[in-house]
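Here are a few short exercises, each followed by a worked solution. Keep the model open beside you and try each task before reading on.

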Amino acid sequence: MLKITSRTLRSMAMPATLALTATMALSAGAHAQDKTFLIGIVEQQLANPFFAKLQQAGVDAAKKHGLETMTAESSVAGDSATQVAAIENMINRGVKGIVLDPANASALVKIVQKARDAGIIVVTTNTSLEPATAADASYETDNLAAGELIGKWAKARLGSTPARIAMLDYDLSDKTAKARHDGFLNGFGIAEGAPEIAGTALTQANVETGQSSMENLLSAHPDINAVYTINEPAAQGAFLAIKRAKKDIALTSIDGSCSGVRSVADGTIGATVMQFPTNMGTLAVEAIVTAVNGGAKPSGINNSGTILITDNPVDGIESKDSKWGLENCWGE
């Protein structure tokens, strides 16, 4: 997820609802033993539809077990202080488990340790802590794998044409942004600073900075023929600049929002990678319920799914078309 307005499994070529079948089956036996307890869900800004979808999935999963939830959200990007205060409150309220989407990978470690010391199961979603073992487990998109998928697609689309790539990034100190960036390079088969990279720009991961960054890069490097973008709003902005310049450029992105998939359907974006916030929230709550009811405790970093969405498939890269994408996307 990443709409800024963060490898254990590979692509899961199935609808988000089907991806949960195994977990639901495992927890079914424990369902009858469920005790009424409280689960805390700490999200980032709910104005972002990705985060809103993730939280709602967790709340819905808890309700299926007859459980109550406490919810909280950060006020702005990177707002760890609000999340720390929320977790402190949840500890005092006696929650049995916390689902946390960290605003900062390292700033939450101390309060998470306090929660775990109190016997609370803490599961992160969307992005893991630094170190990841600071929480019991994480359910998140494998953003490195997501980047690799669009990197491979862009390489295949260019074929024998010499590559001239523009990289429209977000702050690379952000764990998700860095993983997507590195994944694209890996998938394309080039290293940082390779001559194939015509230019780079740091965007704010929105339409406005995507457009302005692309305009500047095209002015300096009119031979650009492939573009990596951190997310779909940045890609949609880049397309406006590409259209104005009347260029034919392979444009790639990551997120899988309904808006982004529609951009694939209308030809704005050549390929994007879908992630599944509903899987993240549901799997996290199911893991907590299982552990609290005496089952196995969750562990490790667990990929919640990555699917390449394109209407221009290439040999050797598994993908789904925009029709499938629109049936399984999130957001508006």
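A residue is called buried if its relative accessible area is under 20%, exposed if over 50%, and partly exposed in between, using a 1.4 Å probe and protein chains only. The model is predicted, so local features need pLDDT of at least 70 and side-chain atom pairs count only at pLDDT 80 or more, while totals for chains, interfaces and linings use all residues. Residues are numbered from 1 along each chain as its sequence is written, and side-chain values use heavy atoms, leaving out hydrogens and water.

**Exercise 1.** Describe the ring pair F50 and F51, and decide whether each residue is buried or exposed.

Solution.
- Start with the burial: F50 and F51 are both buried.
- Next, the rule: rings of Phe, Tyr and Trp (its six-membered ring) pair if their centres lie within 6.5 Å, and planes under 30 degrees apart count as stacked, over 60 as edge-to-face and the rest as tilted.
- With 5.9 Å centre to centre and 85° between the planes, F50 and F51 are edge-to-face.
- Finally, look for a third ring: ring pairs join F50 and F51 with W330 in a cluster.

**Exercise 2.** How many aromatic pairs are there, and what kind is that of F184 and F188?

Solution.
- The count comes to four aromatic pairs.
- For F184 and F188, the centres are 6.0 Å apart and the planes at 25°, so this pair is stacked.
- Both residues sit in helix α6 (residues 175-188), four residues apart, about one turn of the helix. Helices here are DSSP runs of H or I with at least four residues, numbered from the N terminus.
- F184 is buried, as is F188.

**Exercise 3.** Classify the packing of helices α3 and α4.

Solution.
- Axes are lines fitted to C-alpha atoms over the stretch in contact, with angles from 0 to 180 degrees between N-to-C directions.
- The axes of α3 (residues 80-93) and α4 (residues 109-117) are 10 Å apart, at an angle of about 10°.
- Angles under 35 degrees count as roughly parallel, over 145 as roughly antiparallel, 65 to 115 as roughly perpendicular and the rest as oblique, so α3 is roughly parallel to α4.
- In the contact (heavy atoms within 4.5 Å), α3 supplies V84, I87, E88 and I91, and α4 supplies I111, K114 and A115.

**Exercise 4.** Which class of angle fits helices α7 and α8?

Solution.
- The axes of α7 (residues 207-220) and α8 (residues 232-245) come within 6 Å and cross at roughly 40°.
- The two helices are therefore oblique to each other.
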